[in-house]
Each structure stands twice: as C-alpha cells, then as structure tokens.
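Subject: Structure for you to look at

Dear colleague,

I am handing over the structure below, and after it you will find an account of what turned up when it was examined. Please read the text with the model open beside you.

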Amino acid sequence: MRSETTAAERQQAPDAQGADGSPESLRRVAVASFIGTAIEFYDFYIYGTAAALVLNEAFFPTLDPVNATLASFSTYAVAFAARPIGSVVFGHFGDRVGRKSVLVASLLLMGLSTALVGLLPGYDTLGIWAPLLLILLRFLQGIGLGGEWGGAALLAVEHAPKKKRGLYAAFPQLGPSVGFFAATGVFWLLSAVLSDDAFRSWGWRVPFLLSFLLVGVGLFVRLRISETPVFAKVMEAQEASKVPTLDVLRHHPRELLLGAGGMVVAYGLFYTATTYCLAYATGTLDVPRNTMLGLSLVACLFLAAGTWLAATRSDGAGRRKLVLAGAGLSVVWGFVLFPLLDTEQPVLIALALGGALFCMGVVYGPMGAYLPELFGTNVRYSGASLAYNLGGVLGGAVSPLVATRLQAAFGSSSVGWYVSAMAVVSLVCVLALPETRERELT
C-alpha cells in the first residue's frame with residue numbers, strides 16, 4: 001500500500017468538503033457559490049443605486065444636473081472597463097493555482113474597496129481628490145468582480161454531475177438577483193426612515209459600510225470548501241496552462257467573442273432597467289425615490305424567477321435554445337419598456353421593469369453552465385470570465401451613458417430601440433454557437 005496520496009486523490013477523498021460528490025457536499029458547494037456571488041454583487045449594485053440617486057451631488061456638485069449624472073454614471077462604468085483586467089489576473093491564477101484561493105482573494109478585494117467608498121469624504125471636503133479616489137475604488141471593485149463570477153460558476157459546474165450542471169450553476173446565477181434585492185432593499189429602508197437631508201448627507205453610506213460584515217460571512221463560507229475535482233485532475237496531470245489568457249486568444253477566439261456577444265443583452269437589459277430607469281424615473285418623470293426603489297424590489301423577483309426557470313430547464317432543453325428564447329423576448333420587450341414606464345403608473349412601471357428583468361434572467365440563467373462548457377478545464381476560468389466580462393463592457397458599461405444621451409436627444413422611445421438592438425446582437429452571436437450540455441468537462 002502506498003504511504004502517500006496524490007493531490008488529486010486528496011481532493012477527491014470522501015472527507016474533502018465538496019469534492020466527494022455526495023448530496024451533502026454538493027449542497028455545500030451550491031450554498032458557497034451562491035452566498036459568495038450574492039455578497040459580491042450586492043457590493044457592486046449598491047454603487048449603481050448610489051450613482052443613480054446621490055453620487056452626482058456628493059462628488060460632482062459643480063456640474064449641471066445632466067452632466068453630473070453623466071459623470072456619476074462614468075465612474076460607474078469604470079468598473080466595467082476593469083472587469084476584463086480582473087478576469088485576466090484572477091483567471092490566470094485560477095487556471096494555474098486553483099479556483100478556491102482565487103475566489104477568496106476576489107471577495108476580499110471587492111468587499112474592502114466597497115466598504116471604503118462608505119468612508120470616502122465628498123467633494124466639499126476633499127475637492128477634486130474625492131472623485132479621483134472614488135474612481136480608484138470603483139476600479140478596484142471591477143477588478144474584484146472580474147474574478148468572481150467565473151470562479152463561482154466553475155465551483156458549481158465542475159463539482160456537479162453532468163446531467164445537473166445547469167441546476168447547480170443556477171445557484172451562483174441567483175447571486176445577482178439576491179445581491180440586487182438586498183442592495184435595493186437597504187436603500188429603500190434608509191430612504192423610508194431617514195429624511196432626505198439625512199439620506200443625502202450620510203444615509204447612503206450605510207450600505208457600503210455593511211460590506212465589512214458581509215466580507216466576514218463570505219470568507220467563512222468559502223474557506224470551508226475544497227478545490228474542484230476536475231481542476232485537481234489537471235494539476236495532477238501537470239496540464240495547467242502557463243499563460244491561460246494567451247491560450248484562450250489563440251485557440252478559442254470564436255468562443256470568446258461570441259460568448260461575450262451573447263452576454264450583451266443580459267447586461268444591457270439589467271443596467272438599463274435598474275440604474276438608468278431609476279435615474280430617469282426619479283429625475284425626469286418625478287416618480288418618488290422610495291416608490292421606484294420599491295418597484296425595483298418587485299422587479300427583482302421576476303429576475304430571480306427567469307434565472308431559475310431557464311437555468312434548471314437548460315439541462316433538458318439545452319442552454320442555447322433557452323438563451324435564444326430570452327434574447328428573442330428581449331427584442332420585443334425593448335419596444336414596450338419605455339411606453340409602460342412613461343405612464344408613471346406604479347403597476348405599469350413594475351410590469352415594465354419586471355418584464356425586462358425576466359427576459360434578462362432567461363438569457364442569464366443558462367449562461368452559468370453555457371460559458372464554462374465552451375472552454376477546456378486548463379483555460380476555463382480565464383475563458384469564461386473574459387467572455388462574461390467583455391460582454392459587460394459592451395452591454396453594461398455604456399448602457400446608462402448611451403441611454404442618458406439618447407433620451408435627451410430623441411426621447412425615451414429611442415432607449416427602447418437601443419435595448420432591442422443589443423438583443424439582436426446577442427441573438428446573432430448565440431445562433432453561431434453550438435449546444436454544449438452533453439460535453440464532458442475535460
């Protein structure tokens with residue numbers, strides 16, 4: 001009998017938490033991937049809500065309202081430019097060192113940079129340094145989130161049985177829904193209990209400071225799981241890529257670009273229906289802030305429903321078919337989003353936002369398994385993360401900026417056309433991709 005065990009055997013031993021394939025260990029992995037992703041997206045989304053409501057006044061008080069809003073959304077967009085960089089950095093180590101340790105590092109970076117926004121003095125105190133430091137912290141947020149999604153998705157997908165990869169990938173995909181719900185809920189509560197002056201002077205900082213606590217929770221959960229057995233085999237066979245990003249660009253450029261294109265509509269819908277519509281409704285339509293935050297909470301339930309429905313159904317119906325269905329629905333919904341919103345009726349606003357986020361969820365849900373399945377194990381972290389976050393640059397970073405300009409120049413209906421155009425881009429890209437649910441993760 002051998003006195004030593006290999007790295008792969010240690011990872012696959014029954015007492016390794018999350019690697020033995022038992023229902024209990026799989027549940028632990030699902031919970032860990034879900035909680036970590038929910039926390040990181042909470043951190044990311046509170047910035048978007050604050051950017052729509054208060055950062056323009058706190059950090060850009062010398063600009064007129066439209067340009068202050070654009071400046072606020074520009075700092076918001078900085079993180080999207082940083083996210084592909086995070087994908088490269090964290091993906092490199094995730095494909096060479098392992099998924100678990102990289103996820104811990106991304107959580108720390110994201111959480112601490114978020115909490116520091118809550119401590120950052122405004123323009124009245126620091127002058128020009130205030131927006132510059134805000135941009136730096138937002139950039140670090142983007143780096144952290146750029147490494148988060150790919151690792152969390154791989155944590156679930158690489159542990160899951162082949163026929164249930166869509167089901168287990170649904171858990172990290174629900175993270176954004178829960179993170180957005182929590183972020184919006186905290187802002188809604190603060191807006192309800194504080195005066196407007198108190199909210200604008202210090203209340204908006206509370207959601208950022210809560211990140212100190214959430215980082216501790218996330219670390220506790222993630223430090224209790226093991227490396228994925230699929231990656232352990234790669235390490236045992238010494239097949240890890242030396243420069244994963246270069247290998248993705250050389251051998252998988254088609255999957256990278258088309259996968260990014262497939263994500264465009266998910267990002268575009270989300271950030272148009274949340275960040276931009278929140279600013280538009282409260283600033284242009286004069287819908288009360290607390291009303292819009294409450295309606296956003298309702299809409300978030302539609303996002304969760306669409307995500308879970310499509311992700312779990314993708315194991316049987318196929319990832320590609322459901323993503324195409326979501327993109328097709330999004331083309332249609334772009335035409336009705338703003339006519340419903342412009343009624344200023346709460347029920348119809350909820351329908352407008354809820355319908356948009358449901359369409360987004362149908363696209364987004366299967367992507368948790370679809371993007372990882374497009375790439376081999378030795379470059380999967382880098383490939384899936386890059387595709388996911390490049391889609392964010394195209395669909396998420398510019399959406400609030402473009403929407404603000406379009407609405408000012410051509411009216412709100414032009415923003416709906418823009419949403420539909422993004423949906424067509426994703427539809428064409430996914431049509432050019434294969435189905436992947438029967439692929440082995442090798």
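In this predicted model, helix H14 gives the most to the lining of the largest cavity, with five residues, while H2, helix H8 (165-193) and helix H15 (289-317) are among the elements that each supply at least two. The volume of this largest cavity is about 90 Å³, and of the 13 residues that line it, Tyr45, Thr49, Phe180, Thr274 and Thr275 are the closest to its centre. A search of the whole structure found three cavities of 30 Å³ or more.

The largest pocket comes to a volume of about 620 Å³. Its lining is made up of 26 residues, and those nearest the centre of the pocket are Asn56, Thr69, Ala279, Gly283 and Thr284. At least two lining residues come from each of helix H2 (23-53), helix H3 (55-59), helix H4 (65-96), helix H9 (196-201), helix H14 (253-283) and H19. Helix H19 (residues 399-410) also holds threonine 404, which counts as buried because its relative accessibility is 12%, under the 20% cut-off. Leaving aside residues up to four places away in sequence, threonine 404 touches Leu70, Phe73 and Tyr276.

Two loops deserve a look for their backbone angles. Aspartate 286, in the loop between H14 and H15, has a phi near 60°, a positive value in a residue other than glycine, and with a relative accessibility of 61% aspartate 286 counts as exposed. Glutamate 344, in the loop between helix H16 (319-341) and helix H17 (346-373), likewise is not a glycine and has a positive phi of about 65°; glutamate 344 counts as partly exposed, at 41% relative accessibility.

Turning to charged side chains, the count of salt bridges comes to twelve. Glutamate 438 meets lysine 162 in one of them, at 3.9 Å from N to O, and this pair links distant parts of the chain, since glutamate 438 is in the segment after helix H20 (413-431) and lysine 162 is in the loop between H7 and H8, 276 residues apart. Glutamate 438 also forms a salt bridge with lysine 163, at 3.2 Å from N to O, and here the two partners are 275 residues apart. Glutamate 438 is partly exposed, with a relative accessible area of 43%, as is lysine 162 at 27%, whereas lysine 163 counts as exposed at 55%. These three residues belong to a network of salt bridges that links Lys162, Lys163, Arg437, Glu438 and Glu440.

A further salt bridge joins arginine 289 and aspartate 196, with the closest N and O atoms 3.0 Å apart; arginine 289 is in helix H15 and aspartate 196 in helix H9, 93 residues apart along the chain. Arginine 289 is buried, with a relative accessible area of 15%, while aspartate 196 is partly exposed at 37%.

Finally, on the surface, Leu126, Ile128, Trp129, Leu132, Leu133, Ile135 and Leu136 make a nonpolar patch of about 620 Å². Helix H7 (residues 129-159) provides the largest share of this patch, five residues. Isoleucine 128 lies in the loop between helix H6 (123-126) and H7, and it is exposed, with a relative accessible area of 53%.

With best wishes

Methods:
Residues are numbered from 1 along each chain as its sequence is written. This is a predicted model: local features need pLDDT of at least 70, side-chain atom pairs count only at pLDDT 80 or more; totals for chains, interfaces and linings use all residues. Side-chain values use heavy atoms; hydrogens and water are left out. Patches are made of residues with over 30% relative accessible area and no salt bridge: like charges are joined within 9 Å, nonpolar side chains (Val, Leu, Ile, Met, Phe, Trp, Tyr) within 5 Å. Accessible areas come from the Shrake-Rupley method with a 1.4 Å probe; for residues, only the protein chains shown count as cover. A salt bridge is a side-chain nitrogen of Lys or Arg within 4 Å of a carboxyl oxygen of Asp or Glu. Helices (H or I, at least four residues) and strands (E, at least two) are DSSP runs, numbered from the N terminus. Buried means under 20% relative accessible area, exposed over 50%, partly exposed in between (1.4 Å probe, protein chains only). Contact means heavy atoms within 4.5 Å. On a 1 Å grid over the protein atoms alone, a cavity is a set of points where a 1.4 Å probe fits but cannot get out, and a pocket is an open set with protein on both sides within 12 Å along at least five of seven lines; lining residues have an atom within 4 Å of a point. Grid points are joined across faces, edges and corners, and a volume is the space filled by probe spheres set on the points.
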